[in-house]
Amino acid sequence: MEKASPRRLWSRWLAFLFIALIGLAVRLPQLGTRPMHTDEAVNAYIVGQLLAGEKYTYDPQDRHGPALATLALPLVRLQGARSFADLTESKLRLIPVVAGTITILLFGAAVDLFGLIPCMLAALLLAVAPLPVYYDRYFIHESLFCAATIGLILSGWRAAKTRSVGYAALAGACAALMFACKETSVLHWFALAAAGFASWLLNPRHDRPAGRWRAAPPLSALGAFLALALLLFTGFGTNWKGLTTLAKVAPDALSRAAGQGHEKAFWYYGRLLTGGWSGGLLCALACIGFVLAIRKRDASAYRLLACYGLFIAIIYSSIPYKTPWLALNLWLPLALLAAKATESVWHWIATTLGPRAAYPLPGALAVIAAVLIAHDTRQRVFLHAADEANPYAYAHTTEDILGLEAEIHDLAHKSGIARPRIAVIASDPWPLPWYLRQFDQVGFYQPGQQVPDADFYITSNEASQQYTDQLRDLRPDFFGVRPNVLILLWIPAPK
């Protein structure tokens, strides 16, 4: 790897810092406007438990790993939160925004592998394209997972090439962070290992790293992985049950992979990525970049990236369980391959049509691409963020639920109730714990359980039929929770 001069390094990092700031500026507006998705509400509840001083307990069932809550805790405290009730959408979503911004910045460390222009273009795509912007404003694990993934690829590549103990330890730490985000990290490790092997097979010279093999790098990677994973899964040594729970991850993951109501067709991610005004163009460029990378007869990082992108796309598409935010994992190879194709097209125009066409024609194409991307980002991220027609807003909480808290406050005030008692009866109450967090007397009950007297009852439609005696003198007010899902707020009937 050629070493850049300090002046060039500074210039490079300033350029990537500028692009990262663009990404930050796009991600910050209206951060608290979109209703909390159920998964966001669950993650927020875990942070609320940590704020209340409870020990972290690893629970892979619908909650994934500890990394998101662990990193969110100091950041929400810095913003003044001291309890679950103090949390807001903006305070929590700032964590994935920061993770997404760091991911953009990390492309500055990838220049030695992928080249300056492709890295700048890929960083710019991640900064403004609709899918990464949308899910970098979502309080789930995906943005942090992607930041750790690019960290693993960069540090792992350098460790493999230089046999550096430091880079190997960094790669181990990134792998541990991935695992502490989501258990599906093993799929990415498998895809990376398979990509490394395939890339080696496709290289006619079968290049090997310079120097003798040493045990220190892999041992340092393993040590860093175990140390960081141990700290995170045990809540920094406060709850060792997390290690025994890890043994149950595989059966849970296999059960989830079967679908659990989220089954989608093999081509789901393909349709999602090619949708909108800009998706087809970006995917077409990525396909060109893929062909260019595979055809190149050397051991370049692009071939590894292309193989990794292909394998991880096949793996995700083959698993019945699919949700749209998982497509963010496909965006890292997609952005770099599309950027590589763009650079190659630019060179082809310059060499084929001459210097006079080298800037006007690519400039016009860039303006068209920018308009298409800007349209999609505006529509999907800002104008219709929770709309059922938005393919990114999957089983999303509707805006109707935003009026629930205000109505209870209003009714309690009119009735002279300072601390209303609220009983929620539903088999799946999420995301109601988030929207009722300002009330300190809220009980959650499964249908069929005995429910004490309350000032307000909130039930699912099915549960209400089991409590006709308790609800006899009340009338229901309907609120939409998700598409085709209603809850009933039972309030006093007018006399």
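How many residues apart in helix α17 are K340 and E343, and about how many helical turns separate them? They are three residues apart in that helix, which puts about one helical turn between them. The side chains of K340 and E343 meet in a salt bridge, with 3.5 Å from N to O, and K340 and E343 are both buried. What follows rests on a predicted model, and every value in it is computed from that model.

**The chain as a whole**

The chain has 21 helices and five strands. Its radius of gyration is 25 Å, close to the 23 Å that the globule rule gives for 495 residues, so the chain is as compact as a globular protein of that length. Taken along the principal axes, the C-alpha atoms fill a box of roughly 85 × 55 × 40 Å. Of the 495 residues, 49% count as buried, and the accessible surface comes to about 23300 Å², with 64% of that area belonging to carbon and sulfur atoms. Among the contacts with a separation of 6 or more, 75% are made by residues 24 or more positions apart.

**Salt bridges**

A search of the whole structure finds twelve salt bridges, including the three listed here.

| Pair | N to O distance | Burial |
|---|---|---|
| R27 and D136 | 2.9 Å | both buried |
| K340 and E343 | 3.5 Å | both buried |
| K414 and D410 | 3.2 Å | K414 exposed, D410 partly exposed |

R27 lies in helix α1, whereas D136 is in the loop between α7 (130-135) and α8 (142-162), so the pair ties together parts that are 109 residues apart in sequence. K414 and D410, by contrast, both belong to helix α19 (residues 404-414), where they are four residues apart, about one turn of the helix. K414 counts as exposed because its relative accessibility is 63%, while D410, at 36%, counts as partly exposed. Elsewhere, R12, D112 and R158 are joined into one network by salt bridges that share partners.

**Nonpolar cores and a surface patch**

In soluble globular proteins, nonpolar side chains tend to be buried together. In this model the largest nonpolar core has 132 residues, of which F114, W331, L404 and I458 touch the most other members. Helix α17 (residues 328-353) gives the most to this core, contributing eleven residues. Apart from this core lies another, of eleven residues, among them I425, V451, Y467 and L471. Leaving aside its neighbours within four places in sequence, I458 is in contact with residues that include L404, I408, I422, L436 and I487.

Some nonpolar side chains are found at the surface instead: W10, L14, L17 and L21 make a nonpolar patch of about 450 Å². Of these, L21 lies in helix α1 (residues 6-27) and is partly exposed, with a relative accessible area of 46%.

**The loop around D453**

Is D453 buried or exposed? At 59% relative accessibility, D453 counts as exposed, the cut-off for that class being over 50%. D453 is found in the loop between β2 (442-445) and β3 (456-460). Not counting residues up to four places away in sequence, D453 touches R421 and Q470. Although D453 and R421 are 32 residues apart along the chain, their C-alpha atoms are separated by 8.2 Å.

Conventions. Residues are numbered from 1 along each chain as its sequence is written. This is a predicted model: local features need pLDDT of at least 70, side-chain atom pairs count only at pLDDT 80 or more; totals for chains, interfaces and linings use all residues. Side-chain values use heavy atoms; hydrogens and water are left out. Patches are made of residues with over 30% relative accessible area and no salt bridge: like charges are joined within 9 Å, nonpolar side chains (Val, Leu, Ile, Met, Phe, Trp, Tyr) within 5 Å. Accessible areas come from the Shrake-Rupley method with a 1.4 Å probe; for residues, only the protein chains shown count as cover. A salt bridge is a side-chain nitrogen of Lys or Arg within 4 Å of a carboxyl oxygen of Asp or Glu. Helices (H or I, at least four residues) and strands (E, at least two) are DSSP runs, numbered from the N terminus. Buried means under 20% relative accessible area, exposed over 50%, partly exposed in between (1.4 Å probe, protein chains only). A nonpolar core is a set of buried Ala, Val, Leu, Ile, Met, Phe, Trp, Tyr and Cys residues joined through side-chain atoms within 4.5 Å. Contact means heavy atoms within 4.5 Å. The radius of gyration is taken over C-alpha atoms; the globule rule is 2.2 Å times the number of residues to the power 0.38.
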